[in-house]
Amino acid sequence: MRVWRVDRPGLPGTRKFELRTEAVPTPRDGEVLVRVRACGVCRTDLHVLEGDLPVHRRGVVPGHEVVGEVVRAAAGFAEGDRVGVAWLRGTCGRCRYCRSGAENLCSGSTYTGWDADGGYADYTTVPAAYAHRLPDGYSDAELAPLLCAGIIGFRALRRASLPAQGRLGIYGFGASAHLAAQVALAEGATVHVLTRSAEARRLALELGAASAGDAADEPPEPLDAAILFAPAGELVLPALAALDRGGTLAIAGIHLTGIPPLDYQRHLFQERQLRSVTANTREDARDFLAFAAGHHLHVVTSPYALADADRALADLAADRVHGAAVLRP
């Protein structure tokens, strides 16, 4: 099979990221072997490639938005089933976080494309207990971004504590944001998008956003909640300042650049809240995929061949991707 491996993380010109030919992996007990039919390109993959995230496994295969076909079955799945492989790959199941429903905070958690090989390949494996059944009515390419961009956007929306019929601000409008916005709109929210991309602003308005401005702009009204999807710490301050009293800002990314000093009176007083989002639980995934089954989402994708994974990541880094980049083996 063909497979991309990150042998040496770094910026362009210093990293070693190569396409190779290797044997198809052998699944362990309790794992399914999956023939990859589509794999989304997530900004987390870029953080792994560039070294923003510490190396967990040398030579890892990125990719944790995998849609594939089961070719060797395990408990709960049969050959030929369409299956999803997401970021969360394993937890201890015993710690207080796992027992309380917060398995995303398990210190023994493992992740696809970071601790174990992911979907930038023709085949991958996944523990059956962490594989996902997928809704009908979507193509493989449309389903792929749902498995991280969709799930984490859904969790970020819940972490933002948006009240019914509330006013939501979204900072950055890529793969995850354009899905979270549709969930919020379907639930009756007013959505204001702030992003530096003119193309993304047009998409936001097409999807039903009430306004779409530049990332540095102020929204046209105070916000009940906001989500920061862009990995830019300098946007934390204007997002907090845009909140109404009692509002919440959720930061959706796994990596964020430095946050400038906060002014307590302007940014946090009046019970404004700042929350992070750490991975997701399997319950998040089930809830979001059930929502996607009942509310057909408009998933915007940009296709790339598997052999062009390096170009897809470069385009993502340069904000040249419209919607979500998806590799098609």
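Strand β3 (residues 31-41) and strand β4 (residues 66-72) run antiparallel, joined by six bridges. If you would like to find one of these links in the predicted model, look at C39: its bridge partner in β4 is V66.

Strand β4 is one of the neighbours to trace here. Five bridges connect β3 to strand β8 (residues 123-127), and this pair runs antiparallel. Here R35 is a handy landmark, since it stands opposite Y123 in β8. Strand β17 (residues 324-328) pairs with β3 as well, through three bridges and again in an antiparallel arrangement. To spot that pairing, go to V41, whose bridge partner in β17 is A325.

How many of the 11 residues of β3 are buried? Nine of them are, so the strand is largely enclosed by the rest of the structure. Buried here means a relative accessible area under 20%. While you follow the strand, it helps to remember that in a regular strand the side chains alternate between the two faces of the sheet.

Now let us move to another part of the model, helix α7 (residues 264-268), where you will find R266. Is R266 buried or exposed? R266 is exposed, because its relative accessible area is 54%, and the cut-off for exposed is over 50%. Leaving aside residues up to four places away in sequence, R266 touches A241 and R272. For a sense of distance, try locating W87 too: it lies 179 residues from R266 along the chain, and the C-alpha atoms of the two are separated by 36 Å.

Note on methods:
Residues are numbered from 1 along each chain as its sequence is written. This is a predicted model: local features need pLDDT of at least 70, side-chain atom pairs count only at pLDDT 80 or more; totals for chains, interfaces and linings use all residues. Side-chain values use heavy atoms; hydrogens and water are left out. Helices (H or I, at least four residues) and strands (E, at least two) are DSSP runs, numbered from the N terminus. Buried means under 20% relative accessible area, exposed over 50%, partly exposed in between (1.4 Å probe, protein chains only). Contact means heavy atoms within 4.5 Å. Two strands pair if DSSP finds at least two bridges between them.
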